[in-house]
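Colleague: Could you take a close look at one part of this model for me? I would like to know how two chains meet, and then how charged side chains pair up.

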Number of protein chains: 4
Amino acid sequence: MTKNLNGIFPPIATPFDARGEILIEKFRENLDRWSKYGLAGLTVLGSNGESPYLSDQEKLLLVQEARARVEQEKTLIVGAGRESTRLCIEFVRKIADLGADVALVGTPCYFKAKMTDDSLFAHFWAVADDSPIPILVYNVPQFTGVNTSASLIEKLSSHEQIAGMKDSSGSLPLQAEILRRTPDHFKLLVGSAPTLLPSLIQGACGGIVAIAGALPAQTVELYEVFAEGDWKRAAALQERLTPPGAVVTTTFGVPGLKAAMDLMGFFGGTPRLPLLPLDDKQRATVASVFHEAGVLEPQAR
Amino acid sequence: MTKNLNGIFPPIATPFDARGEILIEKFRENLDRWSKYGLAGLTVLGSNGESPYLSDQEKLLLVQEARARVEQEKTLIVGAGRESTRLCIEFVRKIADLGADVALVGTPCYFKAKMTDDSLFAHFWAVADDSPIPILVYNVPQFTGVNTSASLIEKLSSHEQIAGMKDSSGSLPLQAEILRRTPDHFKLLVGSAPTLLPSLIQGACGGIVAIAGALPAQTVELYEVFAEGDWKRAAALQERLTPPGAVVTTTFGVPGLKAAMDLMGFFGGTPRLPLLPLDDKQRATVASVFHEAGVLEPQAR
Amino acid sequence: MTKNLNGIFPPIATPFDARGEILIEKFRENLDRWSKYGLAGLTVLGSNGESPYLSDQEKLLLVQEARARVEQEKTLIVGAGRESTRLCIEFVRKIADLGADVALVGTPCYFKAKMTDDSLFAHFWAVADDSPIPILVYNVPQFTGVNTSASLIEKLSSHEQIAGMKDSSGSLPLQAEILRRTPDHFKLLVGSAPTLLPSLIQGACGGIVAIAGALPAQTVELYEVFAEGDWKRAAALQERLTPPGAVVTTTFGVPGLKAAMDLMGFFGGTPRLPLLPLDDKQRATVASVFHEAGVLEPQAR
Amino acid sequence: MTKNLNGIFPPIATPFDARGEILIEKFRENLDRWSKYGLAGLTVLGSNGESPYLSDQEKLLLVQEARARVEQEKTLIVGAGRESTRLCIEFVRKIADLGADVALVGTPCYFKAKMTDDSLFAHFWAVADDSPIPILVYNVPQFTGVNTSASLIEKLSSHEQIAGMKDSSGSLPLQAEILRRTPDHFKLLVGSAPTLLPSLIQGACGGIVAIAGALPAQTVELYEVFAEGDWKRAAALQERLTPPGAVVTTTFGVPGLKAAMDLMGFFGGTPRLPLLPLDDKQRATVASVFHEAGVLEPQAR
């Protein structure tokens, strides 16, 4: 049975030192700190974890470390996308062995023009067939140049091992059509903080949003307030969350998220090359956006 | 000193059986057959080699096998792009140890919006600094969603270990500007068969074009006739080569190239998932385009 | 003072006979029918009015006719975009003379790459300077290939004759940033039905949405229920409205809107060439989407 | 019978004073000056004539003036594209009455997603049916966001009143496929200077290129040298022409062309809003590119 997918799951960053080596102690400290908020779980090896920049050995290490620290009742989602179907299956098996609860499988995208619905269907179906754990289809057209159609997702939703999808397109009409066409047990997780509340209103079950790594309390509060039915307060919280949410994604990407984490008391640090760290002026912009959003001060609930 | 980069270098396909396992005997047979034409060398682990679908172990095996069969005076180019700068450097070192002459390094592309000229410069410069062999920058925007600017290439051309670039954009104005801004020893290799002759006329030194894997004689003939100065005959050959060149790339991609190789007596076979093999109708289209181009019959020179 | 811009304003279609001549009687009948719902006004000469296909003479005729039938307390918005600043000013003056309340001015877009923020600022500022009536900036990137930035809109919002904007991008983050950066009196009208409620929640004041031409009662109901604070019922209405809203825009465009109008008792008819009317199968799709949405039957409130 | 379409036809600029009024004397002087070179004719009301910024009255005036000054044996091509099929037909008739030899009809593009091959076929076929003069289909995806497929052009080429096309896509593979699929009498005119020679080599009959308005002698020389069979000298001329050709299009557009005309002794002047004139630094760039290309000095032939 699929672990709980309702709620907020930060796609966590990977801490590196100035030479690009993983700082495993910092990784652990961040995990311990995230465990203090009402997060439903975590995502490791996502885009924000700079997964494309990690070796296989490093990836498995991070999964092990995360599993050791994420409580059993929380859901450990692990990024597992690969261009090749067979390599994807191989990797999903490895992370399942290490205790991952759910595999987050991005669309293959190198040969964009050939990634038709038929190709993508063949890929996800084969991965689901051989996966020991439930999978989430991960759609992030801004990175992949590939977009999943509602009819593709509809077909995939009939596989019992495909638990749902993470959609980072930010397209509410696409999400609405997917929710209309898929069974109730098929879960939609939002991947873009600025559309978190509207997606929840439409029927999404939660979010895997970068900002939750820097502002876990505020992101969880938004979700909980919505779940309790106080949509107007949720809208006010969304308004406050949107600018920080945009600054750690659209504006500055992973280096921005890491700067924001530094600001909020987590360890962020520098990204791996070819990502460049923020310069001083960019860091000041992050700080200023967070300040204006009123999230730098301790928040009373 | 950089090995010769003038001439035609097919980016060779990787043969798989129906279950997706590498058929190393077929790989060798294809290599032996290509050695009979006047090719200047070969490219392994390129896009057409389904490089994104190979494990590291498989990649190194193919480099070894290729080096064992490609004559020493010919140039062995090896695809070596990675998203991460450090993983790219690590891999370039490994293929250099196995006898690769030149590393073909694609642009990182996952975080497209952050792949600015500064990021790409940092990446290629660092790889070149640590590479034991010369590198070629590989620009293929149709797959990566990232395009290299002329000013980026101009800056990179001052690194003595950056021997040139492969450009698959098909943009003659971009290539013209790059040739104008870079020193004479900086080599431009074309990556799209339908613009092979115009690029040669502009100053490109050769081509890494998929069609050369299926039609080596005709592609080499075009290059040689051009080099001898008979541009009008070269134009006639280009006209004949363009439709087959398009059918194995834009129209049908790698599965199309493999079908064309089967047609021409090489071993093509099926691609790995998520690429789907051509169906019968698509195969018939390939055959018909090759027939109309008059390349199915034995060619007298 | 700007007329009321809160509420729902259908961008109305232009009825043609089979030879493409305007059917002015049908235009009047449609206007009379729309007047029975709680619409805040109407938009003539919008994209859905096939404005790019009308002669200047026809355009002025439609404005006259609309003004004669739209009650004085309702707001008559008139599409007035032109590629050229001077021609735009000239046209805005003409429609103001005919009684238009607000001019809806689309971004010039022919020389896309030159339509920088500076160019667009110069255009809109000059038009606003010379316009006798308030204007709305109209952003519709799917048609124009040009997108207005939040900082452009922020600068334009300081002109007292620029009352607000219509945004059809469907981008909630863009709208949120615009609302954050502009004064309270600057109005944001939504141009895409599937994001109507989320935009209202964010602070939009109303919508200019195609579906309101076919389903005025349901669109107005959504707005009113939201305005009364019953967001949950509004969400249910949004869910019902989204598929019809998509079918008359993304899926089938203006020909789809006209088919839907025929279905709902308005006169839709055929579009002008080069738009092609829906074929029978496409019309059946429209009917089926409307049927499934439960909007074909009389709705009790 | 269609007038001659082989050779070089500058798409001429429209001179305005600082307030944006047409300077008809300057227009005439430019025409007289162009008549001294071996141009095959001229194009008025093209993109470079800022056609989208002219009123109908102004357009007709310019056609009249051009016809009065372009010798009868030269070909007067007139831009006549409209979004609406009926308005396009109406306008084609008017320019035919004024002595236009050929109408250059751009693809409608406002409702991009609906401009399918079927829509575009219906448009061009209807215009050709009712046009008193031959038409050229005009493909310029960088401005319209619409691209004509080879199969659309193949079908259109069977209409006896469709004499050919102007393609500004710069795509050699597209042009090659069109030339392969259309009858010999169907003419392809190139619309991008940097690909002029390669297109001629492939079978294009001439060019409608902006740079010919500023550098008529050099553009005509390239064409003539090619026609005489001296391809190598043509390649050298192309290399010299490419940077100026790019600076008046991709880099700076129409304002750049006008600055270049000022530089070469024609009257260029300022564009109409929303196009902004070049600032001093940009003008200096134009001058520097022309200087480096060696086209500022008197050229001996």
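Modeller: Here is a walk from one interface to salt bridges and then to a sheet.

Keep in mind that this is a predicted model. The part to look at is where chain C meets chain A. Each side brings residues to the contact: 16 from chain C and 16 from chain A. How much area do chain C and chain A bury between them? The value is about 1400 Å², and 76% of that lies on carbon and sulfur atoms. The size of an interface is often given in this way, as the accessible area lost when the parts come together.

Now look at the side that chain C offers. C:Arg180, C:Trp231 and C:Lys232 lose the most area to chain A. Together they account for 34% of what that side buries. Which helices supply this surface of chain C? At least two residues each come from α7 (172–181), α8 (196–202) and α11 (231–251) of chain C. The largest share is that of α11(C), with five residues. By type, the side of chain C that touches chain A has nine nonpolar, four polar and three charged residues.

How many salt bridges does the rule find across the interface of chain C and chain A? It finds zero. Polar contacts do occur between chain C and chain A: the count is two residue pairs.

Salt bridges turn up elsewhere. Over all chains, the whole structure holds 72 of them. Let us stay in chain C for two. In one, C:Glu58 meets C:Arg272, with N and O 2.7 Å apart. This pair links distant parts of the chain, 214 residues apart. C:Glu58 sits in helix α2 (residues 56–69) of chain C, while C:Arg272 sits in the loop between α12 (253–263) and α13 (280–292) of chain C. Are the partners buried or exposed? Buried means under 20% relative accessible area. C:Glu58 has 14%, so it counts as buried. C:Arg272 has 2%, so it is buried as well.

In the other, C:Arg19 pairs with C:Glu21, with the closest N and O atoms 3.9 Å apart. Here C:Arg19 is exposed, at 66% relative accessible area. C:Glu21 is partly exposed, at 31%.

Chain D gives a pair inside a helix. D:Arg28 forms a salt bridge with D:Glu25, the closest N and O atoms being 2.7 Å apart. Both lie in helix α1 (residues 24–34) of chain D. They are three residues apart, about one turn of the helix. D:Glu25 is partly exposed, with a relative accessible area of 44%. In chain A, salt bridges that share partners build a network. Its members are A:Glu25, A:Arg28, A:Asp32, A:Glu65 and A:Arg69.

Last, stay with chain D for its sheet. This open sheet has eight strands with parallel pairing. The order is β1-β8-β7-β6-β5-β4-β3-β2. Why is one side of β1 (7–8) and of β2 (41–44) of chain D without a neighbour in the sheet? Each stands at an edge and has a single partner strand, so one side is left free of a neighbour. For β2(D), take its pairing with strand β3 (residues 75–79) of chain D: it is parallel and runs over four bridges. Within it, D:Gly41 stands opposite D:Thr75 in β3(D).

How values were computed
Residues numbered from 1 in each chain as written. Chains lettered and ligands numbered in written order. Predicted model: local features only at pLDDT ≥ 70, side-chain atom pairs only at ≥ 80, totals over all residues. Heavy atoms only, no water. Pairing = 2+ DSSP bridges. Contact = heavy atoms within 4.5 Å. Buried area = accessible area lost by both parts, 1.4 Å probe. Salt bridge = Lys/Arg side-chain N within 4 Å of Asp/Glu carboxyl O. Polar contact = N/O pair within 3.5 Å; in protein donor to acceptor, adjacent residues only side chain to side chain. Nonpolar A, V, L, I, M, F, W, Y, C, P; charged D, E, K, R; others polar. Buried < 20%, exposed > 50% of the residue type's maximum accessible area, 1.4 Å probe, protein only.
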